[in-house]
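Let us read a structure together, one feature at a time. Look it over before the dialogue starts.

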Amino acid sequence: MATIYYAASSLDGFIADPDNSLSWLLTRDVDASGPMGYDAFIASVGALAMGATTYQWLLDHDDGRWPYAMPCWVFTHRDLLGRDGDIRFTSADPAAVHAEMAEAADEQNIWLVGGGDLVGQFADAGCLDEVWVQYAPVTLGSGAPLLPRRIEFRLEELAKNGEFACARLAVVG
Ligand SMILES: NC(=O)c1ccc[n+]([C@@H]2O[C@H](COP(=O)([O-])OP(=O)(O)OC[C@H]3O[C@@H](n4cnc5c(N)ncnc54)[C@H](OP(=O)(O)O)[C@@H]3O)[C@@H](O)[C@H]2O)c1
């Protein structure tokens, strides 16, 4: 079991543009069943966590169906609208939530969906093993940061998938 931040990024390290738009990302060519693709990754996941902005983005953009079958912890200080799925709102300590997630995941991987600072909080607590980044061939100039921390990584794997340069990195130490 590993705790993995799997996300797509612009070349200059943003996962959303300043308007929280992913239009720069979602129009691009990618093979979900290809190298480091989404299909195999999501099949390995037993629990996930995301921040309130990411959750709100899903509410605003999907077709009304919650996309995940596995339990999802949503970090927020607000009373957000729930959805028809196993969604657990929390503002608890990320290390404590990680322990709950590990139990629920039952040896499968934990997916930290984002955003970057929430993933940084898990990293601060020693609860981040790997980062998988799909770099899109675009710069955005500003937006939501990929991972606003200083962390050392070891490059484990590289792949080209459609328009994306994909990297798998392990946290060192
Ligand atoms: N490109 C990709 O692959 C990818 C992946 C994921 C997300 N995204 C996008 O990137 C953007 C990320 O937005 P973001 O940077 O604002 O990050 P976010 O993590 O989605 O949301 C941040 C919010 O989460 C809540 N939060 C964070 N840590 C918390 C804690 N310890 N306890 C309680 N609540 C906590 C706070 O909300 P409160 O206001 O409730 O306090 C905070 O304002 C979104 O637009 C999303 O759609 C892109």
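The dialogue below goes through the ligand site and then the backbone.

Q: What kind of model is this?
A: This is a predicted model: local features need pLDDT of at least 70, side-chain atom pairs count only at pLDDT 80 or more, and totals for chains, interfaces and linings use all residues. Residues are numbered from 1 along each chain as its sequence is written, and side-chain values use heavy atoms, with hydrogens and water left out.

Q: How many residues surround the ligand?
A: A residue counts as near a molecule if one of its heavy atoms lies within 4 Å of it. Here 23 residues surround the ligand. The closest are Thr53, Thr54, Thr76, His77 and Gln121.

Q: Which residues of the shell are polar, nonpolar or charged, by number?
A: Ala, Val, Leu, Ile, Met, Phe, Trp, Tyr, Cys and Pro count as nonpolar; Asp, Glu, Lys and Arg count as charged; the others, Gly among them, count as polar. The shell around the ligand has 12 nonpolar residues, 10 polar and one charged.

Q: Which helix gives the most to the shell?
A: Helices (H or I, at least four residues) and strands (E, at least two) are DSSP runs, numbered from the N terminus. H3 gives the most, with four residues. H3 spans 52–61. Strand E6 (109–114) and helix H5 (116–124) are among the elements that each supply at least two.

Q: Why does the ligand lie between two domains?
A: Domain bounds come from an automatic or database domain assignment. Domain 1 (6–10 + 34–44 + 116–173) and domain 2 (47–105) both give residues to the shell, so the ligand lies between them.

Q: Where are N or O atoms paired with the ligand's oxygen atoms?
A: Look at side chains. An oxygen atom of the ligand is 2.6 Å from an N or O atom of His77. For Asn20 the distance from a ligand oxygen is 2.8 Å, and for Arg78 it is 3.0 Å.

Q: What is unusual in the backbone?
A: Most residues other than glycine have a negative phi, and most peptide bonds are trans. Met36 is not a glycine, yet its phi is positive, about 55°. A cis peptide bond joins Gly114 and Gly115, with omega about 0°. Gly115 is in the loop between E6 and H5.

Conventions:
A polar contact is a pair of N or O atoms within 3.5 Å; within protein, one must be able to donate a hydrogen and the other to accept it, and residues adjacent in sequence count only if both atoms are side-chain atoms.
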